[in-house]
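Reader: I should be grateful for a close look at one part of this model, namely the local backbone and its packing surroundings. Please state each cut-off where it is used.

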Amino acid sequence: MDLHQFLAEMSRKEREKFAKRCNTTPGHLRNVSYGYRTCAESLAIAIERESRRKVRCERLRPDVDWAYLRRSA
């Protein structure tokens with residue numbers, strides 16, 4: 001699932017809580033979901049964790065070698 005779809009399924013209050021758990025703002029998440037801003041690796045990890053893996057790091061930052069990191073864990 002992509003971030004835009006994931007956020008669209010939430011109420012405004014749920015998006016606010018989700019953003020807080022990810023240590024960011026709803027506005028920044030919206031900008032990332034539309035591709036206006038690049039998602040930092042740390043934010044990608046937080047989004048994957050807080051979405052319970054519904055939104056994966058690989059979808060947010062396909063330029064990062066997440067497979068290497070996942071194998072080394």
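Author: Arg-52 is found in the loop between α4 and α5, where helices (H or I, at least four residues) are DSSP runs numbered from the N terminus. The model is a predicted one, in which local features need pLDDT of at least 70 and side-chain atom pairs count only at pLDDT 80 or more, while totals for chains, interfaces and linings use all residues. Residues are numbered from 1 along each chain as its sequence is written, and side-chain values use heavy atoms, with hydrogens and water left out.

Phi of Arg-52 is positive, near 55 degrees, although the residue is not a glycine. In general, most residues other than glycine have a negative phi. Arg-52 counts as exposed, at 72% relative accessibility; exposed means over 50% relative accessible area, buried under 20%, and partly exposed in between (1.4 Å probe, protein chains only). Asn-23, another non-glycine residue, has a positive phi of about 60 degrees. Its place is in the loop between α2 and α3, and Asn-23 counts as exposed at 71% relative accessibility.

The helix after that loop, α3 (residues 26–34), has Leu-29, Val-32 and Ser-33 as its buried residues. These three cover an arc of only 100 degrees around the axis, so they lie on the same side of α3; the arc is that of the directions from the helix axis to the C-beta atoms. An α-helix has 3.6 residues a turn, so residues three or four places apart point the same way. The buried residues of α3 pack against α1 (3–8), α2 (12–21), α4 (41–50) and α5 (57–60), contact meaning heavy atoms within 4.5 Å.

Gly-35 follows α3 and has a positive phi, near 85 degrees. Tyr-34 and Tyr-36 form a stacked aromatic pair, at 5.7 Å centre to centre and 20 degrees between the planes. Rings of Phe, Tyr and Trp (its six-membered ring) pair if their centres lie within 6.5 Å, and planes under 30 degrees apart count as stacked, over 60 as edge-to-face and the rest as tilted. Tyr-34 is partly exposed, at 47%, whereas Tyr-36 is exposed, at 60%.

Turning to the interior, the largest nonpolar core has 19 residues, and Phe-18, Ile-47 and Leu-60 have the most contacts inside it. Such a core is a set of buried Ala, Val, Leu, Ile, Met, Phe, Trp, Tyr and Cys residues joined through side-chain atoms within 4.5 Å. The largest share of this core, 4 residues, comes from α4.

Terms used:
Helices (H or I, at least four residues) and strands (E, at least two) are DSSP runs, numbered from the N terminus.
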